[in-house]
Amino acid sequence: MVAGTIGIPNDWSALRYAVSMESGGATTLDVTHDNLTALVRLVGLYRRTFTDLLGRQPWVVESGAKPATYGVLNVVGQRGPVSQREVCDVLGVHPSDMVDHMDLIERQGWVERRRDPVDRRRYQLTITPEGRRVLGRFDAVAAEAEAVVLEPLRGPERRTLLELVAKAVAAQG
């Protein structure tokens, strides 16, 4: 549970959160510019590592897949059948930017587009068996990137970080 006050955006010293601890007590956590920079840097490190590892995979190079392909396959695999618009919303991608990704994914046979039986103006996306196999390959590369980036953390620290990140993401809807 998060409570507290947030100061003026440029006033980092006033940014405070009251964080509920598992023990039931509350503590105050100062969130400074350096903390936020560290989070952004961690995401950037993961993204660069994942992209670099994908670039070393012959099957990725041959297919023309990009890191964003993984996100699309993940959403369609978890939520399918799903509209292309919903995939855009979940990933935060503008629909016009999704066209090239969808063309590649469909051409590779990883996802099928079918008319929505309820609304014939829309298409539903469904992952294919080949798409599931490729998603598994992407998952393996993602796990490797995570292991590389989080290598300095011990097992319990890593689990805690991932649990907290998942909790923060889930709270955003």
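**Entry 1: Thr49**

I looked up the side chain of Thr49 and found that it reaches the backbone oxygen of Leu45, at 2.8 Å. I note at the outset that the model is a predicted one, and I read every value below in that light.

I then asked where Thr49 sits in the chain. Thr49 belongs to helix α1, which covers residues 33–55.

Is Thr49 buried or exposed? I found a relative accessibility of 18%. Buried means under 20%, so Thr49 counts as buried.

Which residues does Thr49 touch, once those up to four places away in sequence are set aside? I recorded Ala145, Val148 and Val149.

**Entry 2: Arg48**

I turned next to Arg48, which is also part of helix α1. Its relative accessible area is 55%. Exposed means over 50%, and Arg48 is therefore exposed. I set this beside Thr49, which is buried.

I also looked up how far the C-alpha atom of Arg48 lies from that of Ala145. The separation is 8.9 Å, although the two residues are 97 residues apart along the chain. Ala145 had already appeared in my notes as one of the residues that Thr49 touches.

**Entry 3: Helices α4 and α5**

I moved on to a pair of helices. Two packed helices are described by the angle between their axes and by the distance between those axes, so I looked up both.

Helix α4 spans residues 84–91 and helix α5 spans residues 95–107. Their axes come within 10 Å and cross at roughly 110°. Angles of 65 to 115 degrees count as roughly perpendicular, and α4 is therefore roughly perpendicular to α5. I noted the crossing of α4 and α5 as right-handed.

Which residues make the contact? From α4 I listed Gln84, Arg85, Val87, Cys88 and Leu91. From α5 I listed Pro95, Met98 and Met102. Sorted by class, the contact of α4 with α5 has six nonpolar residues, one polar residue and one charged residue.

**Entry 4: The whole chain**

I closed with the chain overall. How many helices and strands does the chain have? I found seven helices and six strands. Along the sequence, they follow the pattern β-β-β-α-α-α-β-α-α-β-β-α-α.

The chain has 173 residues, of which 27% count as buried; Thr49 counts as buried as well.

Finally, I looked at contacts between residues at least 6 apart in sequence. Of these, 43% join residues at least 24 apart.

Methods. Residues numbered from 1 in each chain as written. Predicted model: local features only at pLDDT ≥ 70, side-chain atom pairs only at ≥ 80, totals over all residues. Heavy atoms only, no water. Helix = DSSP H or I, 4+ residues; strand = E, 2+ residues; numbered from the N terminus. Buried < 20%, exposed > 50% of the residue type's maximum accessible area, 1.4 Å probe, protein only. Polar contact = N/O pair within 3.5 Å; in protein donor to acceptor, adjacent residues only side chain to side chain. Contact = heavy atoms within 4.5 Å. Axes fitted to C-alpha atoms, helices over the stretch in contact; angles between N-to-C directions. Parallel < 35°, antiparallel > 145°, perpendicular 65-115°, else oblique. Left-handed = near helix turned anticlockwise from the far one by under 90°. Nonpolar A, V, L, I, M, F, W, Y, C, P; charged D, E, K, R; others polar.
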